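Open the structure in your viewer and keep the selection tool at hand. The stops below say what to select next and what is found there.

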Amino acid sequence: LALVIGQAISLLWVSTPRPAARELTREEFPRLFQALDHLQSQSRSPPLDHVWLNTEFNAKVWFEPRLGLLGLSRRHLLLGFPLFLLVTPSQATAVLAHELAHHSESHNRFNVWIGRLQQTWSTVFADWGPSSGGRMQIFRRPLKSFLRWFWPRFHAHAFVLSRLDEYEADRLAADWTTVVDSAMALFVIQCHGTRLSRDFWPGVHREMNRVPEPPSDVYQMLQRELAGPPDSILAERWICERSEE
């Protein structure tokens with residue numbers, strides 16, 4: 001019993017690795033932080049602890065729980081460099097508004113809490129789930145059995161709430177910016193994101209397998225790829241796929 005209680009307490013201090021990204025400062029990017037300040041005031045969302053630039057075609061607010069499942073989280077905003085290469089400044093503002101809307105006072109507080117809990121439990125499951133390793137596996141078996149039962153059920157219900165949250169964040173972002181900018185930002189993320197994941201990056205990986213050194217101009221290649229519009233037939237298909245999801 002003492003062993004199980006000890007392992008349960010250790011869940012409260014589950015470690016969350018920092019993102020593989022470059023931190024952005026107010027001194028380096030004053031216009032970005034001015035836009036964030038304005039949106040945070042408009043949305044009445046809590047302040048961000050850190051802002052990072054990474055290589056994903058996405059943007060998101062990520063929580064680093066300081067007390068594991070008990071919360072007391074640091075808030076990180078992750079901005080994807082490829083995405084912000086493509087969108088206009090007004091569309092970028094709509095993307096930022098969408099992310100801050102998830103954690104604003106206008107949003108459903110219960111759904112926000114569930115979203116944070118889902119993120120933390122996801123980390124716990126990754127560390128303690130069936131594929132985790134380590135010397136203490138025999139001592140973790142009681143809680144691992146619980147996680148295998150609990151996590152899929154919790155995640156399935158939280159996923160439904162997360163879809164509703166996305167629609168609500170879209171609506172709030174359109175209210176705080178413009179409908180056109182919000183819609184175009186969503187179009188860019190869906191169509192060009194799919195284009196990069198299905199066409200561009202697989203091509204880069206094939207080239208890396210063929211030559212001894214990876215390409216040194218990958219971001220120039222990315223800019224050239226994004227300079228042209230996606231095929232209209234493929235774009236329509238990707239939008240239909242997203243609608244069905």
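Start by selecting F200 in this predicted model. F200 has a relative accessible area of 8%, and because buried means under 20%, F200 counts as buried. Now add W201 to the selection. W201 has a relative accessible area of 28% and is partly exposed.

How many aromatic pairs does a search of the whole structure find? The search gives two. Select F81 and Y219 for one of them: their rings are edge-to-face, with 5.1 Å from centre to centre and 85° between the planes. F81 belongs to helix 3 (residues 81-86) and Y219 to helix 8 (residues 218-227), so the pair ties together parts that are 138 residues apart in sequence. F81 is partly exposed because its relative accessibility is 28%. Y219, at 32% relative accessibility, is partly exposed too. Go back to F200 and W201, which also form an edge-to-face aromatic pair, with centres 4.9 Å apart and 75° between the planes.

**The whole chain**

Clear the selection and colour by secondary structure. The protein chain has nine helices and four strands. Followed along the sequence, these elements come in the pattern α-β-α-β-β-β-α-α-α-α-α-α-α. The chain has 245 residues, and 40% of them count as buried.

**The strands**

Select residues 22-24, which are strand 1, and residues 50-54, which are strand 2. The two strands pair in the antiparallel sense, over three bridges. For a place to look, take R22: the residue opposite R22 in strand 2 is L53.

Next, add residues 73-80, which make up strand 4. Does strand 4 run parallel or antiparallel to strand 2? The two run parallel and are joined by five bridges. At V51, the bridge partner in strand 4 is L77.

Stay in strand 4 and select R74, which is also part of this strand. R74 has 26% relative accessibility and therefore counts as partly exposed. Then pick P47 and have the viewer draw a line between the two C-alpha atoms. R74 and P47 are 27 residues apart along the chain, and their C-alpha atoms are separated by 9.6 Å.

**The end of helix 2**

Select S43, which lies in helix 2 (residues 30-43). Its relative accessibility is 0%, so S43 counts as buried. What does the side chain of S43 have around it? A polar atom of this side chain lies 2.7 Å from the backbone oxygen of L39. The side chain of S43 also makes a polar contact with the side chain of S45, at 3.1 Å.

**Salt bridges**

Side chains of opposite charge can pair when their charged atoms come close. The structure holds seven salt bridges, and three of the pairs are visited here.

- Select R22 again, this time with E28: their side chains meet in a salt bridge of 2.6 Å, N to O. R22 is partly exposed because its relative accessibility is 42%. E28, at 40% relative accessibility, is partly exposed as well.
- Select D217 and R224, whose side chains form a salt bridge at 3.8 Å, N to O. D217 counts as partly exposed at 30% relative accessibility, whereas R224 counts as exposed at 54%. From here, select E168, R171 and D175, which are joined into one network by salt bridges that share partners.
- Keep D175 and R171 in view: their side chains meet in a salt bridge of 3.1 Å, N to O. D175 and R171 both lie in helix 6, four residues apart, which is about one turn of the helix. R171 has 42% relative accessibility and so counts as partly exposed.

**A patch on helix 6**

For the last stop, select Y167, which lies in helix 6 (residues 137-176). Is Y167 buried or exposed? Y167 counts as exposed because its relative accessibility is 59%. Add V160 and L164, then switch on the surface. V160, L164 and Y167 form a nonpolar patch there, and together they have about 340 Å² of accessible area.

Conventions
Residues are numbered from 1 along each chain as its sequence is written. This is a predicted model: local features need pLDDT of at least 70, side-chain atom pairs count only at pLDDT 80 or more; totals for chains, interfaces and linings use all residues. Side-chain values use heavy atoms; hydrogens and water are left out. Buried means under 20% relative accessible area, exposed over 50%, partly exposed in between (1.4 Å probe, protein chains only). A polar contact is a pair of N or O atoms within 3.5 Å; within protein, one must be able to donate a hydrogen and the other to accept it, and residues adjacent in sequence count only if both atoms are side-chain atoms. Patches are made of residues with over 30% relative accessible area and no salt bridge: like charges are joined within 9 Å, nonpolar side chains (Val, Leu, Ile, Met, Phe, Trp, Tyr) within 5 Å. Accessible areas come from the Shrake-Rupley method with a 1.4 Å probe; for residues, only the protein chains shown count as cover. A salt bridge is a side-chain nitrogen of Lys or Arg within 4 Å of a carboxyl oxygen of Asp or Glu. Two strands pair if DSSP finds at least two bridges between them. Rings of Phe, Tyr and Trp (its six-membered ring) pair if their centres lie within 6.5 Å; planes under 30 degrees apart count as stacked, over 60 as edge-to-face and the rest as tilted.
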